[in-house]
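Please find below some notes on the model you sent. They are in numbered points, and each can be checked against the coordinates.

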Amino acid sequence: MEELEHTCPQLVTMLTEPAIFAKDTSCECRAPHEKLSIAQARRGTPMDRPVRVYADGIFDLFHSGHARALMQAKNLFPNAYLIVGVCSDELTHKYKGFTVMTEDERYEALRHCRYVDEVVRDAPWTLTQDFLEKHQIDFVAHDDIPYSSAGTEDVYKHIKEAGMFVPTQRTEGISTSDLITRIVRDYDLYARRNLQRGYTAKELNVSFINEKKYCLQNQVDRMKEKVKTVEEKSKHFVYRVEEKSHDLIQKWEEKSREFIGNFLELFGPDGTWKQVFSERSGRMISYAMSPRGSPSNSPPRQLSPSRSPSPPSCWPRPRPASPSSPKEASASFSSMSEEDENDK
């Protein structure tokens, strides 16, 4: 932007400030105003002698179709200066009909279009030679469709005959009449919209009955919107629950696989637990089969004096005393017999 300011300050001013209004006096040009042909204008002119192109209209509800027409007019020639004439409310209401925007609103809308260099207020309905000379207009730009109005078949007929007319193309699908048709077609919708935004029934020219009807319809629409919002939230909640449950199932499957793998690793046919058990069993069996001996430095085991070792069986058995009486001899014999049987 700074480089552009140094190289072309006039262009920066044109892009950052609105277009000027035409003066009541005649146009003041630096170079002498000589009549140009279309071929000369297309080849290019000096910077101090721009090609002055004029485009006029009503420009009510300024839209993209208007802007595209002005863009074409601005780019007809390499060095073009675009002058836009806007008709007043009085002329427009007389020859075309009632407008939505006032003339001052339409003037300001044109001033802030990037392609416009100058705005002529209260432009004439039919261009006269005096008007063309006053503003030193070289060419007039408009679509080529004959514009019948003010008792003539084409208000641009004399401009075309003079070789000053340069055609532009209309933008299909968009026009002021189309926009008004949409509003009229959906009048109830826009009336309800503005009532909801705080406009009064009097401002909208709505009857008392229609006002109540629109208010009821607005309430019904709000209820529908609430129900729709609840349904969307419910769907979102169900979706989140399904998503969470899917994640939980997936995690459970992963954990279960991990648990089964760990269990088989411990208790399977070749598991760690079996190896540990086998090692311990082998150690216990080997210990039982060959117990370790007593250490060599352990003290000898001593017997308590109360317990004496039993005599070995090879020791001579003491002979009983001879009986002193026949009864004692009989008892001794019977006891010896029992001992013999026990020994057997």
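1. Is N205 buried or exposed? N205 has a relative accessible area of 70%, and because the cut-off for exposed is over 50%, N205 counts as exposed. The residue sits in the loop that joins α11 (201-204) to α12 (208-267). Its phi is positive, about 60 degrees, although N205 is not a glycine. Most residues other than glycine have a negative phi. This is a predicted model, and the backbone at N205 should be read with that in mind.

2. Overall content. The protein has 344 residues, of which 26% count as buried. There are 14 helices and six strands. Among contacts with a separation of 6 or more, 68% are between residues 24 or more positions apart. The exposed area of the protein is about 26400 Å², and 55% of that is supplied by carbon and sulfur atoms.

3. The largest nonpolar core. This core has 22 residues, and those touching the most other members are V53, L70, F77, V84, L110 and V116. Five elements each supply at least two of its residues: β2 (51-57), α4 (64-74), β3 (80-86), α6 (103-111) and β5 (139-143). The largest share, four residues, comes from β3.

4. F77 and the second core. Which residues does F77 touch, not counting those up to four places away in sequence? They are I38, A41, R42, V51, V53, F139 and V166. Separate from the core that holds F77 is a second one of 16 residues, which includes Y81, L127, F131 and V155.

5. C113. This residue lies in the loop between α6 and β4 (118-121). C113 has a relative accessibility of 8%, and because the limit for buried is under 20%, C113 counts as buried. Leaving aside neighbours within four places in sequence, C113 is in contact with F62 and with L70; L70 is also one of the residues that touch the most other members of the largest nonpolar core. The C-alpha atoms of C113 and M71 are 9.4 Å apart, with their positions 42 residues apart along the chain.

6. The second largest pocket. Its volume is about 910 Å³. Of the 37 lining residues, I58, H66, K96, H142 and R170 are the closest to the pocket centre. Two or more lining residues come from each of β2, α4, β5 and α9 (176-185). α4 gives the largest share, five residues. By class, 18 of the lining residues are nonpolar, 14 are polar and five are charged.

7. S175 and L61. S175 is found in the loop between β6 (165-168) and α9. Is S175 buried or exposed? With a relative accessible area of 15%, S175 is buried. Apart from neighbours within four places in sequence, S175 is in contact with H63 and R170; R170 is also among the residues closest to the centre of the second largest pocket. The C-alpha atoms of S175 and L61 lie 8.8 Å apart, although the two residues are 114 apart in sequence. L61 belongs to the loop between β2 and α4. L61 is not a glycine, yet its phi is positive, near 50 degrees.

8. The loop between β5 and α8 (157-161). Both P146 and G151 are in this loop. P146 is exposed, with a relative accessible area of 56%, and G151 is exposed at 82%. Which residues does P146 touch, not counting those up to four places away in sequence? P146 touches E153 and D154. P146 and Y156 are 10 residues apart in sequence, and their C-alpha atoms are 7.6 Å apart. For G151, the C-alpha separation from Y95 is 9.7 Å, with the two residues 56 apart along the chain.

Key:
Residues are numbered from 1 along each chain as its sequence is written. This is a predicted model: local features need pLDDT of at least 70, side-chain atom pairs count only at pLDDT 80 or more; totals for chains, interfaces and linings use all residues. Side-chain values use heavy atoms; hydrogens and water are left out. A nonpolar core is a set of buried Ala, Val, Leu, Ile, Met, Phe, Trp, Tyr and Cys residues joined through side-chain atoms within 4.5 Å. Buried means under 20% relative accessible area, exposed over 50%, partly exposed in between (1.4 Å probe, protein chains only). Contact means heavy atoms within 4.5 Å. On a 1 Å grid over the protein atoms alone, a cavity is a set of points where a 1.4 Å probe fits but cannot get out, and a pocket is an open set with protein on both sides within 12 Å along at least five of seven lines; lining residues have an atom within 4 Å of a point. Grid points are joined across faces, edges and corners, and a volume is the space filled by probe spheres set on the points. Ala, Val, Leu, Ile, Met, Phe, Trp, Tyr, Cys and Pro count as nonpolar, Asp, Glu, Lys and Arg as charged, and the others, Gly among them, as polar. Accessible areas come from the Shrake-Rupley method with a 1.4 Å probe; for residues, only the protein chains shown count as cover.
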